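Visitor: I would like to learn how to read a model like this one. Please take me through it feature by feature.

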Amino acid sequence: MTQTQITDAVCHTYTAAGVQLILIEEIHRLNPRTTTGAQTADLLKDLTERLPATFVYTGINVTDTPLFSGTRGAQLAGRATLITCGPLPARHGTREPFREVITDIENALDLHHHKPGTLPRHAAYLHQRTAGRIGSLTRLIRQAAITAICDGTERITKTALDTIRLDHLAEQHARPTRNR
């Protein structure tokens, strides 16, 4: 099939299925100044014009990339509204969204000796340690779970979390000091 035939088939299928939301991650990797990036930018432009759906592009520091510069970049920029998202807040009104995420992650753990509620009790520590970044949080808990499986404890404790080294961005923030 040609690119046009593939695009037609995708548009037909998405429209027939009633797709209303299309998420495209890692958009910061798209460089419309390269041949492949230009082709991709053109395809995205074509799809946004042909599909009755909302397109959500996610990326890191997109304004620092060539994504919205040049002719093709300007066409993408003209079809997008930039929403800057920071880290997940510990509190939002009466809700505690970071604690809620921690609870959901903990509920998905399958560790035999892990006591439910342990991780949400450490929400303040986890928020400080990860600077509220969900990616850093999930990596921290995943690595702690792997360690717990490997050492046979099958549970995650604050002490265990303290031993896990995080991604560079999270480690740039000051680690919390331990109370003595």
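Guide: Start with a loop. Glutamate 26 sits between β1 (21-24) and α2 (35-50). Keep in mind that this is a predicted model.

Visitor: What is the phi of glutamate 26?

Guide: Phi there is near 60°, a positive value in a residue other than glycine. Glutamate 26 is partly exposed, with a relative accessible area of 39%.

Visitor: Which loop holds asparagine 61?

Guide: The one between β2 (54-57) and α3 (70-77). Asparagine 61 is not a glycine either, and its phi is positive, about 50°.

Visitor: Now the interior. Which residues touch the most other members of the largest nonpolar core?

Guide: The general idea is that nonpolar side chains tend to be buried together in soluble globular proteins. Here the largest core has 19 residues, and Ile102, Leu126, Leu137, Ile156 and Leu161 touch the most other members. At least two residues each come from α4 (97-107), α6 (123-130) and α7. The largest share, 6 residues, is from α7. Isoleucine 102 has contacts farther along the sequence, including Leu119, Pro120 and Ala123. A second, separate core of 7 residues includes Leu30, Leu44, Val62 and Leu76.

Visitor: Where is glutamate 154?

Guide: In the loop between α7 (134-151) and α8 (158-162). Glutamate 154 is buried, yet has no salt bridge. The nearest side chain of opposite charge, arginine 155, is 9.7 Å away.

Visitor: Which backbone nitrogen lies 3.1 Å from a polar atom of the glutamate 154 side chain?

Guide: That of histidine 112. Glutamate 154 also touches residues such as Asp110, Leu111, His113 and Ala148, among others.

Terms used
Residues numbered from 1 in each chain as written. Predicted model: local features only at pLDDT ≥ 70, side-chain atom pairs only at ≥ 80, totals over all residues. Heavy atoms only, no water. Helix = DSSP H or I, 4+ residues; strand = E, 2+ residues; numbered from the N terminus. Buried < 20%, exposed > 50% of the residue type's maximum accessible area, 1.4 Å probe, protein only. Lys, Arg positive; Asp, Glu negative; His and termini not counted. Salt bridge = Lys/Arg side-chain N within 4 Å of Asp/Glu carboxyl O. Polar contact = N/O pair within 3.5 Å; in protein donor to acceptor, adjacent residues only side chain to side chain. Contact = heavy atoms within 4.5 Å. Core = buried A, V, L, I, M, F, W, Y, C linked by side-chain atoms within 4.5 Å. Lists of a residue's contacts leave out its neighbours within four places in sequence.
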